[in-house]
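Please open the model in your viewer, with side chains ready to be shown, and follow the stops below in order.

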Amino acid sequence: MTGELAAMSGARLSVGAVREGWYCIDNRGGNGADLTIDLECFPYPLPDSCAVQAFAGHVVNRINPARWGFVLFMNELWRLLVPNGELMIVSYYGTNSRYAADPAACNAISEQSFYYFDPAHKSGLWQVYQPQPWQILSLSWAADGNLEAVLGKR
């Protein structure tokens, strides 16, 4: 399976959601994913720089932030993307009612969460953990709904 992704030119990687025309990885088997793996065990059995684009739909809220889990997840997606590759994340905003109702949610995300990943952001929060460098390309949210972030691999 990993050979399929390595052989694809301009692969698009979907993490945690099955999407038509994308190489899909998920931690739940039987849902049509191309590769079933534990999304919190790194590294994934995929080659470096194998994707031009990645999508993580409603999965980051389920990545345990303990022991650097979310930072490691973001670093792993950085590894899998080509230089200047893009990552789109869609998640519940913070601790809204949809987040609170999801029995698997453990990682509350807000717009400020992404400031920790962009070394050029004026907040200076990247200096706290110094993960792999991303650039925030767009960020939108509704406190009672979803957050959408598009990040570029620096």
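Two rings of Phe, Tyr or Trp, taking the six-membered ring for Trp, are paired here if their centres lie within 6.5 Å, and a pair counts as edge-to-face when the planes are over 60 degrees apart. Keep in mind throughout that this is a predicted model.

**Aromatic pairs**

With that definition, a search of the whole structure finds 5 aromatic pairs. Select Trp22 and Phe55 to see one pair: the ring centres are 6.4 Å apart and the planes stand at 65°, so the arrangement is edge-to-face. The pair links distant parts of the chain, since Trp22 sits in the loop between strand 1 and strand 2 while Phe55 belongs to strand 4, 33 residues apart. Are these two residues buried or exposed? Trp22 counts as buried at 11% relative accessibility, and Phe55 is likewise buried, with a relative accessible area of 12%.

**The largest nonpolar core**

Next, select Ile25 and Phe73, which touch the most other members of the largest nonpolar core, a set of 36 residues. The elements giving two or more residues to this core are strand 1 (12-15), strand 2 (23-26), strand 4 (51-57), helix 2 (69-80), strand 5 (81-92), strand 6 (134-141) and strand 7 (146-153). Helix 2 provides the largest share, 7 residues. As general background, nonpolar side chains in soluble globular proteins tend to be buried together.

Keep Phe73 selected and display its surroundings: beyond its neighbours within four places in sequence, Phe73 is in contact with Val15, Leu39, Phe42, Tyr44, Ala56, Val59, Val60 and Ile63. Apart from the largest core lies another one, of 6 residues, and among them are Ala17, Trp22, Cys24 and Phe55, so that the ring pair from the opening stop comes back into view here.

**Tyr44 and its loop**

Now move to Tyr44, one of the contacts of Phe73, which is placed in the loop between strand 3 (35-36) and strand 4. Tyr44 is buried, with a relative accessible area of 2%. Leaving aside neighbours within four places in sequence, Tyr44 is in contact with Ile25, Ile37, Asp38, Leu39, Phe73, Glu76, Arg79 and Leu80. If you add Leu77 to the selection, you will find its C-alpha atom 9.3 Å from that of Tyr44, although the two residues are 33 apart along the chain.

**Backbone details**

Which kind of peptide bond joins Phe42 and Pro43? The bond is cis, with omega at about 0°, and Pro43 is found in the loop between strand 3 and strand 4. Also in the loop between strand 3 and strand 4 is Ser49, which has a positive phi of about 50° although it is not a glycine; Ser49 counts as partly exposed, at 35% relative accessibility. Then select His58, in the loop between strand 4 and helix 2, where phi is again positive, near 50°, in a residue other than glycine. For comparison, most residues other than glycine have a negative phi, and most peptide bonds are trans.

**A surface patch**

Finally, show the surface and select Trp68, Leu72, Val128 and Tyr129, which make a nonpolar surface patch of about 410 Å². Tyr129 is found in helix 4 (residues 126-129) and counts as partly exposed, at 42% relative accessibility. Adding Tyr116 brings the tour back to aromatic rings, as ring pairs link Trp68, Tyr116 and Tyr129 into a cluster.

Definitions and conventions
Residues numbered from 1 in each chain as written. Predicted model: local features only at pLDDT ≥ 70, side-chain atom pairs only at ≥ 80, totals over all residues. Heavy atoms only, no water. Patch = residues over 30% accessible without salt bridge, like charges linked within 9 Å, V, L, I, M, F, W, Y side chains within 5 Å. Areas by Shrake-Rupley, 256 points an atom, 1.4 Å probe, with all protein chains shown as cover. Salt bridge = Lys/Arg side-chain N within 4 Å of Asp/Glu carboxyl O. Helix = DSSP H or I, 4+ residues; strand = E, 2+ residues; numbered from the N terminus. Buried < 20%, exposed > 50% of the residue type's maximum accessible area, 1.4 Å probe, protein only. Core = buried A, V, L, I, M, F, W, Y, C linked by side-chain atoms within 4.5 Å. Contact = heavy atoms within 4.5 Å. Phe/Tyr/Trp six-rings, centres within 6.5 Å; stacked < 30°, edge-to-face > 60°.
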